[in-house]
Amino acid sequence: MIKILVVDDEYPIANLIKETLEGTGDYICTCVYDGESAANAVEEARYALVLLDVMLPKIDGFELIEYIRQYDIPVIFLTAKSDVRDRVKGLKLGAEDYIIKPFDRMELLARVEVVLRRFHKFEEKIHICDMVIDPFSRSVKKDGAVIELTYKEFDLLLLLIKNKNIAMYRETIYEKVWGNLYEEDTRTVDLHVNRIRKKLGLEKQIQTVFKIGYRFVEN
């Protein structure tokens, strides 16, 4: 199931979107009704797409999209605003699409499908070490059981696997996963690696490379 976050302060519209998407059997939706709750939601769970209203309590959509972008999640704006300048602003801020309310259900489904295909077109499931890793839905299965990872844990695991057999510096890992410059005294990478090892039983596969960082090996 593809997880989608719906952010709209109009409960009937949010529920209509949820009903429309979940009715296909392909999606599972979480609805929140203000910008602050949306920011918390993208921190706590993994979403393939955010459907985002512009006019929201606490934090508006234009502000919120700049925060969401750091998580590499595509955004479709949903808004009653028909002003061309607003649409242009939304697209320039990084939105993948812009839908004017009221909208047709079939149009909504089509636009969601197009954005998901475009944004994830190179992402295929990875089968390795009794795991199935799906970058599209950001899910991990080990021996058929779903293993819950945090957002950063998933990104870190995916980075190591995509660079299999390569020793990666802690600095490189930190900057690619967290998007910030590495700080010498931080143990963030080490702590996340240890949690991934325990959750997935990868103590042998994720190797510590002395004075460098980590390497993923398949054995």
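This report walks through two sheets of the model and the helices that pack around them.

The model is predicted, so a few ground rules help: local features need pLDDT of at least 70, side-chain atom pairs count only at pLDDT 80 or more, and totals for chains, interfaces and linings use all residues. Residues are numbered from 1 along each chain as its sequence is written, and side-chain values use heavy atoms, with hydrogens and water left out.

## The five-stranded sheet

Let us start with the open sheet of five strands, ordered β2-β1-β3-β4-β5 with parallel pairing. Helices (H or I, at least four residues) and strands (E, at least two) are DSSP runs numbered from the N terminus, and two strands pair if DSSP finds at least two bridges between them. At the edges are β2 (27-32) and β5 (97-100), each of which pairs on one side only. From one strand to the next, the twist averages 20 degrees. Within this sheet, β1 (residues 2-7) and β3 (residues 49-53) are joined in the parallel sense by four bridges. V7 has L52 of β3 as its bridge partner.

Two helices accompany these strands. Helix α1 (residues 11-22) packs on the sheet and touches β1, β2, β3 and β4 (75-79), where contact means heavy atoms within 4.5 Å. The direction of α1 makes about 170 degrees with that of β2; axes are lines fitted to C-alpha atoms, for helices over the stretch in contact, and angles run from 0 to 180 degrees between N-to-C directions. Helix α2 (residues 35-44) lies across β1, β2 and β3, and runs at about 165 degrees to β1.

## The three-stranded sheet

Further along the chain numbering, three strands form an open sheet with antiparallel pairing, in the order β10-β12-β11. β10 and β11 each have a single partner strand, so one side of each is left without a neighbour in the sheet. Helix α6 packs on this sheet, touching β10, β11 and β12, with its direction at about 65 degrees to that of β12. Helix α8 also packs on the sheet, where it touches β11 and β12 and makes about 150 degrees with the direction of β11.

β11 (residues 206-209) and β12 (residues 213-216) pair in the antiparallel sense over four bridges. T208 stands opposite Y214 in β12. Their hairpin has three residues between the strands, and K211 there takes a positive phi near 65 degrees.

## How α6, α7 and α8 meet

Two packed helices are described by the angle between their axes and the distance between the axes. Here are the two pairs that involve α8.

| Helix pair | Angle | Axes |
|---|---|---|
| α7 (residues 170-178) and α8 (residues 188-200) | roughly 80 degrees | within 10 Å |
| α6 (residues 151-162) and α8 | about 85 degrees | 10 Å apart |

The angle makes α7 roughly perpendicular to α8, and α6 is roughly perpendicular to α8 too. Angles under 35 degrees count as roughly parallel, over 145 as roughly antiparallel, 65 to 115 as roughly perpendicular and the rest as oblique.

On the α7 side, R170, I173, Y174 and W178 meet T188, V189, D190 and H192 of α8. This contact of α7 with α8 has four nonpolar, two polar and two charged residues; Ala, Val, Leu, Ile, Met, Phe, Trp, Tyr, Cys and Pro count as nonpolar, Asp, Glu, Lys and Arg as charged, and the others, Gly among them, as polar. From α6, K152, E153, L156 and L157 meet a set of α8 residues including V189, H192, V193 and I196. The residues of the contact of α6 with α8 divide into six nonpolar, one polar and four charged.

## Buried positions

R170, I173, Y174, V177 and W178 in α7 are buried, meaning under 20% relative accessible area (exposed is over 50%, partly exposed in between; 1.4 Å probe, protein chains only). These residues lie on the same side of α7, because they cover an arc of only 95 degrees around the axis, the arc being that of the directions from the helix axis to the C-beta atoms. Their cover includes α6, β10 (168-169), α8, β11 and β12. After α7 comes G179, with a positive phi near 70 degrees.

I161, in helix α6, is buried with a relative accessible area of 7%. Not counting residues up to four places away in sequence, I161 touches I126, I128, M131, I133 and F216. I133 and I161 are 28 residues apart in sequence, and their C-alpha atoms are 9.9 Å apart in space.
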